[in-house]
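Reader: I have this one open on my screen and would like to go through it with you, sheet pairing to begin with and then the packing. Could you take me through it?

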Amino acid sequence: MCASKLIPRPVEPPWGGNCLHDLCGADCTGRSIGEAWIHDGTVTPRIILKWIDAREHLSVQNHPNRPGGSKREAWYILQPPDDGRIITGMKEPLDGPDPASRLEYTSVSAGQVLEMPSGRVHALTAGSIVYEIQEPLDVTYRIYDWGRPRETHIDDARRSINSEPAILHTPSRRPGRNPIIARKEFTLELWAGPCAIEAPSAGVLSHVDGPHRGGSWLVEHHGILILARGEVALWASRKDEALHPA
């Protein structure tokens with residue numbers, strides 16, 4: 001396999017848990033690691049990938065929603081939240097009284113993928129462990145933060161609101177390639193063993209089930225990937241036609 005192992009970069013937000021230590025190395029022991037970041041290996045990443053462990057609710061938020069500056073994202077559910085629901089919308093007004101009473105939810109199960117359009121209000125909820133793929137924009141507009149004393153950005157969030165609904169995918173686990181999302185922003189597929197697959201472009205393979213669970217690899221275009229029976233991985237890429245012609 002033409003691949004190199006990726007070591008995630010740990011991030012310590014106030015809501016982080018303790019399930020990502022094995023991914024980030026011994027120096028993370030005892031720290032509340034909420035996110036472990038990897039990317040596609042390019043100088044300017046075309047996609048960002050994160051393992052996320054939410055001990056508490058994340059802020060209710062959205063992201064910019066404009067051409068050339070958007071952040072579409074999707075979560076593969078490794079462990080569903082404590083009550084089985086993720087926040088996927090909010091009835092306006094965003095700054096009215098009792099924001100928690102106006103939240104909209106989607107029920108999820110392990111193995112499903114929840115796709116979130118740019119600008120859609122959302123929040124991972126307590127107990128969630130997910131693998132995220134996103135456009136490489138690190139801009140978040142907080143709307144409501146559950147009493148934490150962090151800045152909110154109501155006006156920016158309102159300008160970015162998108163009514164396009166969240167999409168819940170239930171991918172197949174049949175052996176071989178199982179497409180989930182194919183958009184200009186990114187491609188996401190579930191690959192299940194036993195299989196041998198030639199990488200359709202440069203991308204990242206992350207194991208979500210089996211003995212290598214949690215491992216991520218940067219794979220070259222046309223690299224051959226072999227998964228044994230019981231191994232399940234996610235393939236993420238954003239194809240650059242100039243570098244990787246079909």
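Reader: Which residue in E11 is the bridge partner of Trp75?
Author: In this predicted model, Trp75 has Leu114 as its bridge partner in E11. The two strands involved, E8 (residues 73-79) and E11 (residues 113-116), pair in the antiparallel sense over four bridges.

Reader: And what is the strand order of the open sheet of seven strands?
Author: The order runs E2-E3-E4-E12-E8-E11-E14, and the pairing is antiparallel. Strand E2 (9-11) and strand E14 (167-169) stand at the edges with a single partner strand each, so one side of each has no neighbour in the sheet. On average, and with direction ignored, neighbouring strands of this sheet are turned by 25° against each other.

Reader: Switching to packing, which residues touch the most other members of the largest nonpolar core?
Author: That core has 29 residues, and those touching the most other members are Leu49, Trp51, Tyr76, Tyr131, Ile133, Leu188 and Leu234. Apart from it lies another core, of 12 residues, including Trp75 and Met116.

Reader: What is Leu188 in contact with, leaving aside neighbours within four places in sequence?
Author: With those neighbours left out, Leu188 is in contact with Val113, Ile133, Pro179, Ile180, Ile181, Leu234, Trp235 and Ala236.

Reader: One more, on a loop residue: is Pro99 buried or exposed?
Author: Pro99 counts as buried, because its relative accessibility is 15% and the cut-off for buried is under 20%. Pro99 sits in the loop between strand E9 (85-90) and strand E10 (103-107), and beyond its neighbours within four places in sequence it is in contact with Met90 and Tyr144.

Terms used: Residues are numbered from 1 along each chain as its sequence is written. This is a predicted model: local features need pLDDT of at least 70, side-chain atom pairs count only at pLDDT 80 or more; totals for chains, interfaces and linings use all residues. Side-chain values use heavy atoms; hydrogens and water are left out. A nonpolar core is a set of buried Ala, Val, Leu, Ile, Met, Phe, Trp, Tyr and Cys residues joined through side-chain atoms within 4.5 Å. Buried means under 20% relative accessible area, exposed over 50%, partly exposed in between (1.4 Å probe, protein chains only). Contact means heavy atoms within 4.5 Å. Two strands pair if DSSP finds at least two bridges between them. Axes are lines fitted to C-alpha atoms, for helices over the stretch in contact, and angles run from 0 to 180 degrees between N-to-C directions.
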